[in-house]
Amino acid sequence: MSGVVNVAAMTPAHAAQVLEIYRSGIDGGDATFETGVPSWEECDAARMVEHRLVALDGFDRVLGWAAVARVSERSAAHGTPTAPPSERPAGPPPNRL
């Protein structure tokens, strides 16, 4: 079952793992110009609800995520989203009981 990957809608239940992956991306200098991890509330408010996905392993652990954010509220940018995907850094698999 460990080779299974499911794609699901991101929910607040995924917040801690999503923000952990976000932190890893910032620490590694990848995928964002941000210098600090936003709160879940800030992250939630900045991304379009209908375009938030998580990749889950067979144990429902978040492997990565993607969420679309508007580039700008200006009318010239309508229809121009940004969606940098983020993934858990490679490393040993988590311990399983």
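Two strands count as paired if DSSP finds at least two bridges between them. The exercises below apply this and a few other cut-offs to a predicted model.

**Exercise 1. Find which strands pair with β2, and in which direction they run.**

Step one is to place the elements: the protein has two helices and six strands, and along the sequence they follow the pattern β-α-α-β-β-β-β-β.

Step two is to look at the bridges. Strand β1, residues 5-9, is joined to β2 by five bridges, and the two run antiparallel; within this pairing, V7 has A55 of β2 as its bridge partner. Five bridges also join β2 to β3, again in an antiparallel arrangement, and here L56 is partnered by V62 in β3.

Step three is to inspect the turn. The hairpin of β2 and β3 has four residues between the strands, and in this hairpin D60 takes a positive phi near 65°.

**Exercise 2. Locate the aromatic pair of the structure, and decide whether its planes are stacked or edge-to-face.**

A search of the whole structure finds one aromatic pair. Its members are Y22 and W65, whose ring centres are 5.8 Å apart and whose planes make an angle of 25°; since planes under 30 degrees apart count as stacked, the pair is stacked.

The next step is to ask what the pair connects. Y22 belongs to helix α1 (residues 15-27) and W65 to strand β3 (residues 62-67), so the pair ties together parts that lie 43 residues apart in sequence.

The last step concerns accessibility, where buried means under 20% relative accessible area. Y22 counts as buried because its relative accessibility is 8%, and W65 counts as buried because its value is 5%.

**Exercise 3. Describe the surroundings of R47, and decide whether this residue is buried or exposed.**

Begin with its position: R47 sits in the loop between α2 (40-46) and β2 (52-57). With a relative accessible area of 17%, R47 is therefore buried.

Then list its neighbours. Leaving aside residues up to four places away in sequence, R47 touches Y22, R52, W65, A67, V68 and A69, so both members of the aromatic pair, Y22 and W65, are among its contacts.

Finally, consider the polar side: a polar atom of the R47 side chain lies 3.2 Å from the backbone oxygen of C43.

**Exercise 4. Identify the salt bridges, and state how accessible each partner is.**

A search of the whole structure finds two salt bridges. In one of them D27 meets R23, with the closest N and O atoms 3.5 Å apart; both residues lie in helix α1, four residues apart, which is about one turn of the helix. D27 counts as exposed because its relative accessibility is 56%, whereas R23, at 36%, counts as partly exposed.

In the other, the side chains of R52 and D44 meet at 2.4 Å, N to O. R52 is buried because its relative accessible area is 7%, while D44, at 32%, is partly exposed.

**Exercise 5. State what share of the residues is buried, and what share of the accessible surface belongs to carbon and sulfur atoms.**

Of the 97 residues, 30% count as buried. The accessible surface comes to about 6,600 Å², and 56% of this belongs to carbon and sulfur atoms. As a further step, among contacts between residues at least 6 apart in sequence, 52% join residues at least 24 apart.

Key
Residues are numbered from 1 along each chain as its sequence is written. This is a predicted model: local features need pLDDT of at least 70, side-chain atom pairs count only at pLDDT 80 or more; totals for chains, interfaces and linings use all residues. Side-chain values use heavy atoms; hydrogens and water are left out. Buried means under 20% relative accessible area, exposed over 50%, partly exposed in between (1.4 Å probe, protein chains only). A polar contact is a pair of N or O atoms within 3.5 Å; within protein, one must be able to donate a hydrogen and the other to accept it, and residues adjacent in sequence count only if both atoms are side-chain atoms. Contact means heavy atoms within 4.5 Å. Rings of Phe, Tyr and Trp (its six-membered ring) pair if their centres lie within 6.5 Å; planes under 30 degrees apart count as stacked, over 60 as edge-to-face and the rest as tilted. Accessible areas come from the Shrake-Rupley method with a 1.4 Å probe; for residues, only the protein chains shown count as cover. A salt bridge is a side-chain nitrogen of Lys or Arg within 4 Å of a carboxyl oxygen of Asp or Glu.
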